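User: Could you take a close look at the charged side chains and the strands that carry some of them? I'd enjoy one connected walk-through, with the aromatic pairs brought in afterwards.

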Amino acid sequence: MTDTSVSARTTSQTAGGAFYRLVWKWHFLASLYVLPFMAMLAITGGIYLYKPQIEAWLYADQMNVEVTGTALSIEDQIAAVEAEMGITRMRGVTDYRDPTRSTLIEFNDAEKIRSYAWVNPYTGEVLGTVARDEMAMRVLRKFHGELLLGETGTKFVELAAPWAIVMFITGAYLWWPRGQRSLAKAVSLPKGSPKTAGRSWWRETHLFTGMLATVLVVPIIVSGLPWTDVWGGGLSYVQEQTGQKSKSLRFSRDVPQSTASEGTTIPYAQVFEIAEAQGLVAPYEMRPPKDGEAAFWLRSASVHRADQTELIIDQYTGELLKRHEFGDNPALARTVSWGISFHQGELYGWANILQNTLAALLAVVLSVSGFVAWWMRKPAGSLGVPAAPEAALGTGMIVLVIGLAIVFPLMGASLILALVLDWLLFRRLGWFRAQNA
């Protein structure tokens with residue numbers, strides 16, 4: 001939300017003086033790193049909101065079947081996948097409890113590649129297979145979260161999150177009405193057009209969009225932090241140490257085993273019937289026992305967190321060994337889960353999806369308008385860094401850096417690195433400084 005249409009001198013006289021210019025400079029420098037990531041995250045995240053609809057279109061021929069009689073056993077359907085693809089590990093089966101839907105089987109193929117297969121439950125025909133990591137929405141999600149660069153990429157994406165918060169906070173200060181700029185003007189749509197108003201239109205578009213984006217985008221940024229590597233890992237550690245970690249049975253070490261170590265495993269269909277009898281909301285996602293002592297794990301794969309009940313079922317007797325409700329999780333774990341649900345547009349239905357879609361569109365417009373406004377303002381051959389007094393590395397700055405390093409470790413580390421490079425190199429080269437500073 002940088003005011004890019006006026007000179008640094010005019011800004012200092014009419015919009016708050018030295019402190020305003022210092023905030024503007026921080027906003028500008030944060031934006032240099034954040035805006036490219038914001039545009040990328042907004043576009044990929046906005047598309048991912050519609051994952052169910054997109055996959056229903058991409059895999060329509062594999063997902064939908066015609067009812068033609070009595071369904072085969074799930075074991076027979078798995079055998080069909082085994083015959084066609086080879087199965088080195090059975091991972092799970094999803095039953096949609098819908099006679100017009102195919103059975104989704106997750107497995108490792110003969111090359112040990114984690115894959116999915118859709119099987120017609122009436123004919124046993126394998127309608128299609130795909131490696132999990134080659135699915136379009138899976139690739140999009142990995143690009144969104146890690147730039148397809150693994151742990152290295154996720155650090156770059158994570159670093160953009162706290163700096164984006166700095167950008168929005170400083171931007172809100174720059175947007176705030178002062179001087180001759182009234183509140184009515186601050187909340188008004190930009191007047192004119194890019195052709196007639198030029199740089200002024202892009203500035204006002206950036207300010208107006210930033211005002212709305214601050215309200216809608218910041219909650220999405222915050223709710224995505226638990227997914228990050230460093231910050232999310234730290235949160236997970238705190239949850240574990242304080243007893244606030246999720247009590248989910250999926251990866252727990254405290255899951256009960258089957259009462260016997262050998263015998264005849266009950267049919268998969270019986271496991272799904274138990275889930276239905278227990279009142280779980282379809283679809284059902286089931287993981288088979290890994291060995292003769294383990295048990296079935298099953299959960300409701302509903303997008304609504306409160307419906308995601310988990311069951312542990314004895315593989316020989318069908319006895320319900322344990323039931324876990326979403327409400328059994330500690331308060332912090334539930335809050336984190338609700339935040340993730342909000343981030344994905346699942347918390348309150350279509351209203352959540354539309355809200356996050358609007359946030360994504362605003363983030364793209366904010367990024368584009370910020371870039372254009374900067375490009376039109378900057379002097380030739382210069383970054384156009386706003387003129388501002390140097391921030392002294394006093395007690396306040398040291399406390400700020402330490403505080404940021406604790407709350408946002410990557411951001412704190414990047415700030416320390418920036419200060420060191422500024423002291424050793426940037427000042428001597430004149431980088432990131434206004435020409436008249």
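Analyst: Happy to; what follows starts with the strands, moves to the salt bridges and ends with the rings and a surface patch.

Please keep in mind that this is a predicted model.

Let's begin with strand β3, which spans residues 114–119. Five of the six residues in β3 are buried, so the strand is mostly covered. On one side β3 pairs with strand β2, residues 103–108, in an antiparallel arrangement held by six bridges. Within that pairing, threonine 103 is placed opposite valine 119 of β3. The hairpin of β2 and β3 has five residues between the strands, and lysine 112 there adopts a positive phi near 65°.

β3 also pairs with strand β4, residues 126–131. The two run antiparallel and are joined by five bridges. Here tyrosine 116 faces valine 130 in β4. The hairpin that β3 and β4 form has six residues between them, and in its turn glycine 124 shows a positive phi of about 80°.

Now to the charges. Side chains of opposite charge can pair when their charged atoms come close. In this model the count comes to 15 salt bridges. A network of these bridges links Glu106, Arg114, Arg250, Glu285, Arg287 and Arg299. Two of its members bring us back to the hairpin: the residue range of β2 takes in position 106, and β3 begins at position 114.

Which two side chains meet at 2.9 Å, N to O? They are arginine 299 and glutamate 285, joined in a salt bridge. This pair links distant parts of the chain, with arginine 299 in strand β6 (residues 296–300) and glutamate 285 in strand β5 (residues 284–287), 14 residues apart. Both arginine 299 and glutamate 285 are buried.

A salt bridge within a helix makes a useful counterpart. Lysine 51 and glutamate 55 form one, with their closest N and O atoms 3.2 Å apart. Both residues lie in helix α3 (residues 51–58), and the four residues of separation amount to about one turn of the helix. Are the two ends of this bridge buried or partly exposed? Lysine 51 is partly exposed, because its relative accessible area is 27%, while glutamate 55 is buried, because its value is 11%.

Another bridge joins arginine 97 to aspartate 95, where the side chains meet at 2.8 Å, N to O. Arginine 97 has a relative accessible area of 31% and therefore counts as partly exposed. Aspartate 95 has a value of 18% and is therefore buried, the cut-off for that being under 20%.

Arginine side chains also sit over aromatic rings. Arginine 101 lies over the face of tyrosine 96, at 3.8 Å from the ring centre. Likewise, the charged end of arginine 178 is found over the ring of tyrosine 173, 4.5 Å from its centre.

That leads to the rings themselves. A pair of aromatic rings is described by the distance of the centres and the angle of the planes. Searching the whole structure gives 14 aromatic pairs. In one of them, tyrosine 33 and phenylalanine 37 have ring centres 4.9 Å apart and planes at 35°, so this pair is tilted. Both residues belong to helix α2 (residues 17–48), where they are four residues apart, about one turn of the helix. Tyrosine 33 is partly exposed, with a relative accessible area of 23%. Phenylalanine 37, at 14% relative accessibility, counts as buried.

The rings of phenylalanine 342 and tyrosine 348 make a tilted pair too, with centres 6.5 Å apart and planes at 35°. Phenylalanine 342 counts as buried, at 10% relative accessibility, whereas tyrosine 348 is partly exposed at 38%. Ring pairs also link Phe371, Trp374 and Trp375 into a cluster.

Finally, a look at the surface. Ile398, Ile402, Ile406 and Val407 make a nonpolar patch of about 390 Å². Valine 407 is located in helix α15, which covers residues 395–407. Its relative accessible area is 47%, so valine 407 is partly exposed.

Conventions
Residues are numbered from 1 along each chain as its sequence is written. This is a predicted model: local features need pLDDT of at least 70, side-chain atom pairs count only at pLDDT 80 or more; totals for chains, interfaces and linings use all residues. Side-chain values use heavy atoms; hydrogens and water are left out. Patches are made of residues with over 30% relative accessible area and no salt bridge: like charges are joined within 9 Å, nonpolar side chains (Val, Leu, Ile, Met, Phe, Trp, Tyr) within 5 Å. Accessible areas come from the Shrake-Rupley method with a 1.4 Å probe; for residues, only the protein chains shown count as cover. A salt bridge is a side-chain nitrogen of Lys or Arg within 4 Å of a carboxyl oxygen of Asp or Glu. Buried means under 20% relative accessible area, exposed over 50%, partly exposed in between (1.4 Å probe, protein chains only). Two strands pair if DSSP finds at least two bridges between them. Rings of Phe, Tyr and Trp (its six-membered ring) pair if their centres lie within 6.5 Å; planes under 30 degrees apart count as stacked, over 60 as edge-to-face and the rest as tilted. A charge sits over a ring if NZ of Lys or CZ of Arg is within 6 Å of the ring centre and within 35 degrees of the ring normal.
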